[in-house]
Amino acid sequence: MTTTTGTATTTATPTAIATTATTTARATSRPRLGPVPVLWLALLATPLAAGANAPVLILPDMARALGVSGSTATWLVASYAWAMAVGTPLLAGLLRRRGLRAVLRVASALLVGGTLLVAASPWLPLTLTGRAAQAAGGAGLTAVAMSLAGSARRMGVISAGFGILGASGPLLGAQLAHAVSWRLSLCVSVIAVLAVPMVSRYATTPSAPTAPTAPETTHQGRFDVRGAALLTAFVTTLVLLPHAPAAALGSSAVAATLLALHIRRQPDGFVPAALIRKPLFLGSALLALALSGSYFTLLFSVPRLLADRAGWDAGTAGTGQLVALLTGSALSWLLAAASARMSRVAVRSVLVGVGAAAGAIAVFAGWGPLLLVATVGGTFAATGANAVLSMHAVSSAPDPQRPTAIGLFALCYQLGGAFGPAIATALVLAA
């Protein structure tokens, strides 16, 4: 038996019949058949990476323009990382409860509003607020793109795009700052909103990426405000760990304890107990965290190692690292494409083996090209983990919890971006 609405024809089930009126009221245009084209998903997600890395080479210019010290200006990077980490699970939770179009609207508003603030604000506090809003909005769009990927191959395209734009971000930011203004460099992530209308037209469900023509479903239970607040506090203390270790360490322990107690009292809340207890989800998320942390450690360490061990100047080292990052990101797509024909054990063996080899080469190599090989390996392992392990993590969750699984997985991956630079500073940069 089928029912026909003004926007779609679907197989009639008790759930579908109960939600037909809601679906009709929410639809603004007839959804297209088939999955969202992956290039639209890549455009929706990947500008976030360019926006994150755009300030790397222009921090002194930004500091002078805002009248602050260079160390103070680094908070423009830290605030972005914090908002990415916090915004991902929060907006993934909104995706689960309110549906795709609500997240697209909220995330787009945050991204556009934050960009306008960054473009116009003459003061650091307002600029920091704008950067945080940009990152939170971009994180929401990324959560949508990951939810709709539907396969490791398609997720590989998104993840490779992340790596490529992330690698190009510093150079792109420097060129835009030189040609126009450093403020324009901080606005590159806003181009993601160009994909929003098309994604909204194609996609109709956040929780069933393999069946994009099903009605958009939402979950209207009571929102777990305390769980969301405790997770936000825990993530905040972890992000601050490299900047204020003593205070953040104690605070993170307290926040983790409170969050664990809350999950025990409310196992179906913002952080579902059943999800984080699944070995497949937990193993995938923690391995992604480790490989991401290793990658970001290499990202910040290798330029210094190239100078100290191989005698390369800054320009040669920067060019070599850019080529290595682009190569590793492109190669990771091959793993994502092949992963459907590989066992999970085989995929993880490749990721762990290449990641460990990259770290070992970086520790012992004294020849410049070998250090670039380490960068290729670290990039391949981390970007491949983001593509393939995210699909493993999502497969462990029931449909209603898939946006939550994606948000928590992405949170673990992004925490590697907070820990990696701190490890590089302790082991290499401070030497």
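Two residues are in contact when heavy atoms of theirs lie within 4.5 Å. Keep that in mind for the whole tour. The model is predicted.

**Stop 1: Ser189**

Select Ser189. Ser189 sits in the loop between α10 (182-185) and α11 (196-202). Is Ser189 buried or exposed? Its relative accessibility is 3%, so Ser189 counts as buried. Now show what surrounds Ser189. Beyond residues up to four places away in sequence, Ser189 touches Pro47, Leu48, Gly51, Tyr80, Leu111 and Gln134.

**Stop 2: confidence**

Colour the chain by pLDDT. The mean is 82, and 87% of the residues reach 70 or more. Where is confidence lowest, and where is it highest? The low point is strand β2 (residues 9-11), with a mean of 35. The high point is helix α17 (residues 344-364), at 95.

Select residues 1-33. Here pLDDT stays under 50, and the model has 41 contacts beyond four places in sequence for this stretch. Then select residues 205-217. Their pLDDT is below 50 too, with 44 contacts in the model beyond near neighbours in sequence.

**Stop 3: helix α17**

Go to α17. Place a distance label between its end C-alpha atoms: they are 30 Å apart. At 1.5 Å a residue, the 21 residues of α17 should span 30 Å, so the model agrees.

Next, select Val347, Arg348, Leu351, Gly355, Ala358 and Ala362. These residues of α17 are buried. They cover an arc of only 105 degrees around the axis, which means they lie on the same side of α17. Turn to the other side of α17, where Val345, Val363 and Phe364 are exposed. What do the buried residues of α17 pack against? Their partners are α15 (279-310), α16 (314-338) and α18 (368-395).

**Stop 4: the nonpolar cores**

Select Leu44, Val144 and Val199. In the largest nonpolar core, which has 83 residues, these three have the most contacts inside it. Helix α18 gives the largest share of this core, 10 residues.

Zoom in on Val199. Leave aside its neighbours within four places in sequence. Val199 is then in contact with Val36, Trp40, Leu41, Leu44, Leu100, Leu104, Val144 and Leu148.

Another core lies apart from the largest one. This other core has 14 residues, among them Leu298, Leu305, Leu371 and Ala374.

**Stop 5: Thr383**

Move to helix α18 and pick Thr383. Thr383 counts as buried, because its relative accessibility is 5%. Which residues does Thr383 contact, leaving aside neighbours within four places in sequence? They are Ser159, Ala160, Ser329, Ser332 and Tyr413.

**Stop 6: salt bridges**

How many salt bridges does a search of the whole structure find? The search finds two.

Show Arg64 and Asp61. Their side chains meet in a salt bridge, at 2.3 Å from N to O. Both are in helix α4 (residues 59-66), three residues apart, so about one helical turn separates them. Arg64 counts as exposed, at 60% relative accessibility. Asp61 is partly exposed, with a relative accessible area of 33%.

Finish in α15. Arg304 forms a salt bridge with Asp308, and the closest N and O atoms are 2.8 Å apart. This pair lies four residues apart in helix α15, about one turn of the helix. Arg304 is partly exposed at 28% relative accessibility, whereas Asp308 is exposed with a relative accessible area of 53%.

Methods:
Residues are numbered from 1 along each chain as its sequence is written. This is a predicted model: local features need pLDDT of at least 70, side-chain atom pairs count only at pLDDT 80 or more; totals for chains, interfaces and linings use all residues. Side-chain values use heavy atoms; hydrogens and water are left out. pLDDT is the predictor's confidence in each residue, from 0 to 100. Helices (H or I, at least four residues) and strands (E, at least two) are DSSP runs, numbered from the N terminus. The expected span of a helix is 1.5 Å times one less than its number of residues. Buried means under 20% relative accessible area, exposed over 50%, partly exposed in between (1.4 Å probe, protein chains only). The arc is that of the directions from the helix axis to the C-beta atoms. A nonpolar core is a set of buried Ala, Val, Leu, Ile, Met, Phe, Trp, Tyr and Cys residues joined through side-chain atoms within 4.5 Å. A salt bridge is a side-chain nitrogen of Lys or Arg within 4 Å of a carboxyl oxygen of Asp or Glu.
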